[in-house]
Amino acid sequence: MSAGKEARYLTFALTKGRLAKKTLELFEQIGITCEEMKDPDSRKLIFVNEDLKLRFFLAKGPDVPTYVEYGAADIGVVGRDTILEEQRDLHEVLDLGFGACRMCVCGPESARAYLRGPGLIRVATKYPNIAKDYFYNQKNQTVEIIKLNGSIELAPIVGLSEVIVDIVETGSTLRENGLSVLEEVCPISARVVVNQVSMRMENERIMKLLTDLNRAVEAKEA
Ligand code: PRP
């Protein structure tokens, strides 16, 4: 269906912050603009492109998969870390390439021995589901998971845990705090997710959008 008068609005949930900025840059490359959204002083929560029948809103990362699963947004853009952690029912359809980093087990070099040893170690993380899956299902290792909400690197320094599971981008937070990557869990980058019903009901429109986005991503990578 083209964006004619019959078309309903397609709604996008974008992750607030750097990911949203990069996402909007990519959208601009495929002719999707939302001028309203660029105003840094605006307190508006939802932005509309009337011509293309598109709506956009910004949400906290962990809430994006929730909006998409329930169909409050047809499409979301969010980090793979959040998708894996939130475990929502949705289609993950496209890797946008940006926001690239790694989910890793990190700690002081001395913690390598604990990772190999038989003792019960403590793992601090903002991502308990990812940590559980990695240690319980992939490594068959029983660990104690301690949920934190930020500054995870503190945990092994102050003795809360032996290791952490966290995102490593440049590695400078680890270096500046005397910690290293001990094991790699998985690569992370920004992904497009789609509501399962929207994927069927708006298939043509969504596939066209994904094809355009994919082309723009490939052009960037070339
Ligand atoms: C993230 C992550 C690491 C850091 C990694 O934290 O949790 O702490 O970035 O980046 P680097 O490898 O480039 O140093 P964020 O800044 O999102 O804040 P948080 O500690 O509150 O999670």
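A polar contact is a pair of N or O atoms within 3.5 Å. The model shown in these close-up views is predicted.

**View 1. Polar contacts of the ligand with Glu153, Glu169 and Thr170**. An oxygen atom of the ligand lies 2.6 Å from an N or O atom in the Glu153 side chain. For Thr170, an N or O atom of the side chain is 2.5 Å from a ligand oxygen atom. Glu169 takes part through its backbone: one of its polar backbone atoms is 2.8 Å from an oxygen atom of the ligand. The ligand taken alone exposes 490 Å², of which the protein buries 66%.

**View 2. The shell of residues around the ligand**. The ligand occupies the largest pocket. Lys126, Gly150, Ser151, Glu153, Asp166, Ile167, Val168, Glu169, Thr170, Gly171, Ser172 and Thr173 surround the ligand. By class, the shell comprises two nonpolar, six polar and four charged residues.

**View 3. Secondary structure elements at the ligand**. Strand β9 (163-168) and helix α7 (172-176) each contribute at least two residues to the shell around the ligand. The most come from β9, which supplies three residues.

**View 4. Glu183 and its contact with Tyr134**. Glu183 belongs to strand β10, residues 180-188. The relative accessible area of Glu183 is 18%, so this residue counts as buried, the cut-off being under 20%. The side chain of Glu183 forms a polar contact of 2.7 Å with the side chain of Tyr134.

Notes. Residues numbered from 1 in each chain as written. Predicted model: local features only at pLDDT ≥ 70, side-chain atom pairs only at ≥ 80, totals over all residues. Heavy atoms only, no water. Near = heavy atom within 4 Å. Polar contact = N/O pair within 3.5 Å; in protein donor to acceptor, adjacent residues only side chain to side chain. Areas by Shrake-Rupley, 256 points an atom, 1.4 Å probe, with all protein chains shown as cover. 1 Å grid on protein atoms, 1.4 Å probe; cavity = no way out; pocket = protein on both sides within 12 Å on 5 of 7 lines; lining within 4 Å. Sits in = over half its atoms within 2 Å of the grid points. Helix = DSSP H or I, 4+ residues; strand = E, 2+ residues; numbered from the N terminus. Nonpolar A, V, L, I, M, F, W, Y, C, P; charged D, E, K, R; others polar. Buried < 20%, exposed > 50% of the residue type's maximum accessible area, 1.4 Å probe, protein only.
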